[in-house]
Amino acid sequence: MEYPYIIDGHCDSLIHFVNGERTLQDPSEGGHWDTQRARGAGVALQFMAAFIESKYKPSMATWRGLQLIEGAHRFIEAHPNQVFLVQKKLDLDQIPDPTRIGILLSVEGGEILGETIFMLDIISKLGVRALGLTWNQRNALADGVGEVGTQSRLTQLGQEVVWRMNKLGMLIDVSHLNEAGFWHVLELSKDPIVASHSCAKALCDHPRNLTDQQLRALAKHKGVVGVNFYPQFLKKTGQATREDVVRHICHIAEVAGVETVGLGSDFDGIDEAPDGLEQVGHYHYLLDDLTKKGFSSLEIEQIAGRNFRRILSDVLK
Ligand SMILES: [Zn+2]
């Protein structure tokens, strides 16, 4: 069967490259993601996250973020026949490219901004096109999901970041944001937003997952949720299989519509993966499962990549 192209909303492979642990070229190096396996699986666009580890926060967060962004450029420039950077709406015309994977640079954690708006302009000039406002903790923009009971909305700076991201054509990512912040962003943003790597709370009650009400609101604003493959987000027991990923896809499609569902593996950022979906090369099995579940080929194309492509087309300049 002919498989549709895939857009994956989140992986953490960049950190392994920058730390010198892997080239992201060779499956024998292990890990979840490399260009060879991703290409074979039909990945046409990969969101590559610059995740700023806690030990760098707050004082070294900008330094570390820029180091990761520099690493991403070094990776892309070293392999022009395999990957290319996606920055503009026009670049989407090249997706799917028959031989190369598009890379969309994202930053996970507003700490990179060092509490200034001009850093947002700088990272935009460096090619970053998506920003998660927080990781799990509070920062100068908002509270992450790890801040329990605060119910805080965005700070003044957080609001300015949302408005500026709208101006710059950057995708706002609410995956790690607390619920009050989520609703505040929806009030503020004129563009649709993403939860690049989250699951459904109705199926697995975890702070990182979205309630049905949030899923419906995302849909109303033409947003997309990339379903995360982390077993802890898929099933309360923390033991998950590919079937659990399918359950979350079906639930979100049912509650928020097929046009709201995407894929956001979190490969190389999770210490365990579901049975039967252990690495990026296994994506075909997941698409086969969706066919068996009765999704039409158009619906599978939407889930696999077209929904993420639509929102990028809505947001990028
Ligand atoms: Zn994350």
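Leaving out residues up to four places away in sequence, Cys-250 touches Lys-293 and Phe-295. Cys-250 itself belongs to helix 9, which covers residues 242-256. The model in front of you is a predicted one, and this cysteine is a convenient place to begin reading it. A comparison of sequence with space can start here too, for Cys-250 and Pro-98 are 152 residues apart in sequence and, from C-alpha to C-alpha, 30 Å apart in space.

Helix 9 also holds a pair of oppositely charged side chains, since Arg-247 and Asp-244 meet in a salt bridge with a distance of 3.0 Å from N to O. Because these two residues are three residues apart in helix 9, about one helical turn separates them. The partners are not equally accessible: Arg-247 has 31% relative accessibility and therefore counts as partly exposed, whereas Asp-244, at 4%, falls under the 20% limit and so counts as buried. Elsewhere, salt bridges that share partners join Arg-242, Asp-289 and Lys-292 into one network.

How many salt bridges does a search of the whole structure find? The search finds 15 of them, and two further examples show how such pairs can connect parts of the chain that are separated in sequence. In one of them, Lys-57 forms a salt bridge with Glu-111, and the closest N and O atoms are 3.9 Å apart. Lys-57 lies in the loop between strand 2 (43-51) and helix 3 (61-78), while Glu-111 lies in the loop between strand 4 (101-108) and helix 4 (118-125), so the pair ties together parts that are 54 residues apart in sequence. Of this pair, Glu-111 counts as buried, because its relative accessibility is 12%.

In the other example, Arg-164 forms a salt bridge with Asp-121, where the closest N and O atoms are 2.6 Å apart. Here the link is between distant parts of the chain, with Arg-164 in helix 5 (residues 156-168) and Asp-121 in helix 4, 43 residues apart. Arg-164 has 28% relative accessibility and so counts as partly exposed, whereas Asp-121, with a relative accessible area of 16%, is buried.

Helix 5 leads on to the way in which helices pack against one another. The axes of helix 5 and helix 6 come within 10 Å and cross at roughly 45°, which means that helix 5 is oblique to helix 6. The crossing in which helix 5 passes helix 6 is right-handed. On the side of helix 5 the contact is made by Gln-159, Val-162, Trp-163 and Asn-166, and on the side of helix 6 by His-184, Val-185 and Leu-188. Sorted by class, this contact has four nonpolar, three polar and no charged residues.

Helix 6 (residues 179-188) also packs with helix 7 (residues 212-220), and the axes of these two helices come within 11 Å and cross at roughly 20°. An angle under 35 degrees counts as roughly parallel, and helix 6 and helix 7 are therefore roughly parallel to each other. Their crossing is left-handed. Which residues of helix 6 and helix 7 meet? From helix 6 they are Glu-179, Phe-182, Trp-183 and Leu-186, and from helix 7 they are Gln-213, Gln-214, Ala-217 and Leu-218. By class, the contact of helix 6 with helix 7 has five nonpolar, two polar and one charged residues.

The last two stops are single residues that are surrounded by other parts of the chain. Ile-6 is found in strand 1 (residues 6-11), and its relative accessible area is 0%, so Ile-6 is buried. Not counting residues up to four places away in sequence, Ile-6 touches Ala-41, Gly-42, Val-43, Ala-44, Leu-45, Leu-263, Tyr-283, Leu-287 and Ala-304. The C-alpha atoms of Ile-6 and Ala-38 are separated by 9.2 Å, although the two residues are 32 residues apart along the chain.

Asp-268, by contrast, sits in the loop between strand 9 (261-263) and helix 10 (283-292). Is this loop residue, Asp-268, buried or exposed? With a relative accessible area of 10%, Asp-268 is buried. Apart from its neighbours within four places in sequence, Asp-268 is in contact with Asp-12, Ser-13, His-16, Arg-22, Gly-31, His-32 and Trp-33.

Notes:
Residues numbered from 1 in each chain as written. Predicted model: local features only at pLDDT ≥ 70, side-chain atom pairs only at ≥ 80, totals over all residues. Heavy atoms only, no water. Axes fitted to C-alpha atoms, helices over the stretch in contact; angles between N-to-C directions. Helix = DSSP H or I, 4+ residues; strand = E, 2+ residues; numbered from the N terminus. Parallel < 35°, antiparallel > 145°, perpendicular 65-115°, else oblique. Left-handed = near helix turned anticlockwise from the far one by under 90°. Contact = heavy atoms within 4.5 Å. Nonpolar A, V, L, I, M, F, W, Y, C, P; charged D, E, K, R; others polar. Buried < 20%, exposed > 50% of the residue type's maximum accessible area, 1.4 Å probe, protein only. Salt bridge = Lys/Arg side-chain N within 4 Å of Asp/Glu carboxyl O.
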